[in-house]
Amino acid sequence: MSKISTDRLREVIANILQASKDKKRKFLETIELQAVLKNYDTNKDKRFAGSIKLPSVPRPNMSVCVLGDAYHVGEAEKNMVPFMDVEGLKSLNKDKKKVKKLANKYDAFLASQTVMKQIPRLLG
């Protein structure tokens, strides 16, 4: 791989954005950029630390549900995030309509490691 100059990268991104405006699509378009660091082992080297705040939120209306054990349910409740515990999952009783309704209600699910093993058995 070769190095890409900053000017060239900005030019290409501007061209992509312009093409997106010229030909409107009926879905949300996204651009992904991957960077590879040569001779850098993430397990050994800890030179880079921190986070980057994006200028705009990628999915502002993304809804997430926590499927958790008692600890994670407590954390979700404290942070006002929708959650379901094992008893709530059992109440669905492998009913396909209820499970599908739950799946359509949220964009993503976060599950505790202990609950993750039980999900196929509880939801069918």
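**Exercise 1. Identify the backbone partner of the S91 side chain, and place S91 in the predicted model.**

Step 1. A polar atom of the S91 side chain lies 2.5 Å from the backbone oxygen of G88. A polar contact is a pair of N or O atoms within 3.5 Å; within protein, one must be able to donate a hydrogen and the other to accept it, and residues adjacent in sequence count only if both atoms are side-chain atoms.

Step 2. S91 belongs to helix α3, residues 86–92. Helices (H or I, at least four residues) and strands (E, at least two) are DSSP runs, numbered from the N terminus.

Step 3. S91 is partly exposed, because its relative accessibility is 48%. On this scale, buried means under 20% relative accessible area, exposed over 50%, and partly exposed in between (1.4 Å probe, protein chains only).

Step 4. Between the C-alpha atoms of S91 and A111 there are 17 Å in space, for 20 residues in sequence.

Conventions. The model is predicted: local features need pLDDT of at least 70, side-chain atom pairs count only at pLDDT 80 or more, and totals for chains, interfaces and linings use all residues. Residues are numbered from 1 along each chain as its sequence is written, and side-chain values use heavy atoms, with hydrogens and water left out.

**Exercise 2. Describe the surroundings of S112.**

Step 1. Locate the residue: S112 sits in the loop between β3 (108–111) and α5 (113–116).

Step 2. Classify its accessibility: S112 is buried, because its relative accessibility is 3%.

Step 3. List its contacts (heavy atoms within 4.5 Å). With neighbours within four places in sequence set aside, S112 touches L67, G68, D69 and H72.

Step 4. Find the polar pair: the side chains of S112 and H72 form a polar contact of 2.6 Å.

**Exercise 3. Compare V73 in helix α2 with N79 and M80 in the loop that follows.**

Step 1. V73 is a residue of helix α2, and this helix covers 70–78. With a relative accessible area of 11%, V73 is buried.

Step 2. Beyond its neighbours within four places in sequence, V73 is in contact with G68, F83, M84 and D85. The C-alpha atoms of V73 and V86 are 9.9 Å apart in space, at 13 residues in sequence.

Step 3. N79 lies in the loop between α2 and β2. Its relative accessible area is 51%, so N79 is exposed. From N79 to S56, 23 residues apart along the chain, the C-alpha separation is 22 Å.

Step 4. M80 is also placed in the loop between α2 and β2 (83–84). M80 is exposed, because its relative accessible area is 76%. Its phi is near 55°, a positive value in a residue other than glycine.

**Exercise 4. Characterise the overall fold and extent of the protein.**

Step 1. The protein contains 6 helices and 3 strands, in the order α-β-α-β-α-α-β-α-α from the N terminus.

Step 2. For 124 residues the globule rule gives 14 Å, and the radius of gyration is 21 Å, well over that value, so the protein is more spread out than a compact globule. The radius is taken over C-alpha atoms, and the rule is 2.2 Å times the number of residues to the power 0.38.

Step 3. The C-alpha trace spans about 55 × 45 × 25 Å along its principal axes.

Step 4. Of the 124 residues, 16% are buried. Among contacts between residues at least 6 apart in sequence, 52% join residues at least 24 apart.

**Exercise 5. Report the volume and lining of the largest pocket.**

Step 1. The largest pocket holds about 690 Å³ of space. On a 1 Å grid over the protein atoms alone, a pocket is an open set of points where a 1.4 Å probe fits, with protein on both sides within 12 Å along at least five of seven lines; lining residues have an atom within 4 Å of a point. Grid points are joined across faces, edges and corners, and the volume is the space filled by probe spheres set on the points.

Step 2. Its lining comprises 21 residues, and L17, E29, T30, I31 and E32 lie nearest the centre.

Step 3. The lining residues divide into 13 nonpolar, 3 polar and 5 charged. Ala, Val, Leu, Ile, Met, Phe, Trp, Tyr, Cys and Pro count as nonpolar, Asp, Glu, Lys and Arg as charged, and the others, Gly among them, as polar.
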